[in-house]
Amino acid sequence: MLCGAAAAFDGPGAAFRLASYTMNIPSIPVLRAFIEVARCNSFTRAADTLCLTQSAVSKQVQALEEQLGCRLFVRSGKLLALTPAGHAYLAHAGDALAMLQEGRAIAQEVAGEKAPATAVEISASPAFASYWLIPRLPGFRERAPGTRLAVRPRLPDFSPVTERFDVEVRVGAGRWPDARAIRLLGREMALVASPDLLGDTRATLRQVQALPALHRAQRGYDWREWSAAAAPAWTPRAGTGLLFEGFSVLIPAVVAGLGVAICPLFLVLDQLESGRLVRPLGECVRTRYAYHAVLPTGAGHGAARDRFLDWMLPEAEATQMRIQKHLDLGYSMAE
């Protein structure tokens with residue numbers, strides 16, 4: 001017998017109540033349009049990526065704003081930027097898409113359905129999925145329309161690699177037992193901040209030290225490793241730091257002006273190129289960690305996984321070239 005929230009969908013009025021409930025949830029195409037516009041800072045470029053007209057993308061975002069009851073973007077001259085409400089919503093929209101993919105895969109497992117040979121099971125952190133993988137997936141779907149992807153968000157961990165996933169995107173030094181690791185991105189990290197918090201795009205070390213230092217709970221990309229290479233005299237302001245579970249919530253906090261943080265360049269490259277974030281010290285530190293595509297060595301992973309890797313690895317190389325171009329603008333690299 002159902003009880004609590006489940007009981008609300010049992011009885012003569014269940015269909016009406018279910019319809020009312022789902023009316024408050026944006027559709028997947030609307031969420032994809034919002035995420036792509038936020039990534040590109042442009043309706044035109046987002047429309048090109050999604051293979052839609054600019055008008056269609058604009059109407060989807062407008063419908064989302066009307067549904068939420070707030071503006072998600074604001075124009076300043078020719079520039080398009082997220083509002084504070086838009087930043088807050090973006091932090092969850094990508095995770096929501098990834099979780100829907102995970103729910104579908106779990107439901108199929110519970111039902112005892114065997115994944116078809118054209119399916120690829122991928123595990124990745126919410127930040128990697130939201131900021132890098134999902135915005136690029138339309139290109140993979142166009143290239144391999146018959147391949148089904150199941151993207152499951154997982155916080156970075158150091159547990160053994162299993163046969164459950166075809167590809168696991170993990171953070172580490174590149175060595176996992178019974179698995180092959182291919183380095184993707186993430187060797188470059190830097191201190192980033194909102195120009196609104198700084199009041200400028202550059203700052204001195206003393207000025208930055210006076211600001212709140214934001215921290216990430218997982219291993220890697222931490223203040224200790226960064227300061228040892230870039231600022232040995234670093235003494236962060238005591239008692240002002242905030243702790244965040246992962247980059248999926250840390251990066252929006254930096255964009256919102258809550259403080260400064262250490263981030264992998266590839267996760268914040270769009271924000272740096274658009275001016276929403278800056279590197280006030282101009283430094284870049286090469287870290288011992290990186291994001292890797294980790295592949296279990298057992299049997300059962302075939303052509304579908306190979307198609308996905310054949311697409312993902314060049315995408316990572318293209319992002320690395322963008323990072324190098326960003327660094328070639330005159331910033332320094334610290335080992």
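## Overall composition

A residue is counted as buried when its relative accessible area is under 20%, and in this predicted model buried residues make up 48% of the 335 residues in the chain. The secondary structure of the chain comprises 12 helices and 12 strands. Among contacts with a separation of 6 or more, 78% join residues that are 24 or more positions apart.

## A three-stranded antiparallel sheet

An open sheet is formed by 3 strands in the order 10-7-11, and the pairing within this sheet is antiparallel. Strand 10 (261–264) and strand 11 (285–286) stand at the edges, and because each has a single partner strand, one side of each is left without a neighbour in the sheet.

Strand 7, which spans residues 188–192, pairs with strand 10 in the antiparallel sense over 4 bridges. Within this pairing, Ala-190 of the model stands opposite Cys-263 in strand 10, while Val-192 has Ala-261 of strand 10 as its bridge partner. The residues of strand 10 point to two sides: Ala-261 and Cys-263 point one way, Ile-262 and Pro-264 point the other way, and all are buried.

## Helices against the sheet

Helix 10 (residues 247–255) packs on the sheet, where this helix touches both strand 7 and strand 10, and its direction makes about 125 degrees with that of strand 10. Helix 11 (residues 265–274) lies across strand 7 and strand 10 as well, and runs at about 100 degrees to strand 10.

## Internal cavities

The structure holds 3 cavities of 30 Å³ or more, and the largest cavity has a volume of about 190 Å³. The lining of this largest cavity consists of 20 residues, of which Arg-39, Ser-130, Tyr-131, Asp-270 and Gln-271 lie nearest its centre. When the lining residues are sorted by class, 10 are nonpolar, 5 are polar and 5 are charged.

Several helices contribute to this lining, since at least two residues of the lining of the largest cavity are supplied by each of helix 2 (28–40), helix 5 (84–110), helix 6 (126–143), helix 11 and helix 12 (303–327). Helix 11 therefore appears in both parts of this description: it lies across strand 7 and strand 10, and it supplies at least two residues to the lining of the largest cavity.

Note on methods:
Residues are numbered from 1 along each chain as its sequence is written. This is a predicted model: local features need pLDDT of at least 70, side-chain atom pairs count only at pLDDT 80 or more; totals for chains, interfaces and linings use all residues. Side-chain values use heavy atoms; hydrogens and water are left out. Two strands pair if DSSP finds at least two bridges between them. Contact means heavy atoms within 4.5 Å. Axes are lines fitted to C-alpha atoms, for helices over the stretch in contact, and angles run from 0 to 180 degrees between N-to-C directions. On a 1 Å grid over the protein atoms alone, a cavity is a set of points where a 1.4 Å probe fits but cannot get out, and a pocket is an open set with protein on both sides within 12 Å along at least five of seven lines; lining residues have an atom within 4 Å of a point. Grid points are joined across faces, edges and corners, and a volume is the space filled by probe spheres set on the points. Ala, Val, Leu, Ile, Met, Phe, Trp, Tyr, Cys and Pro count as nonpolar, Asp, Glu, Lys and Arg as charged, and the others, Gly among them, as polar. Buried means under 20% relative accessible area, exposed over 50%, partly exposed in between (1.4 Å probe, protein chains only).
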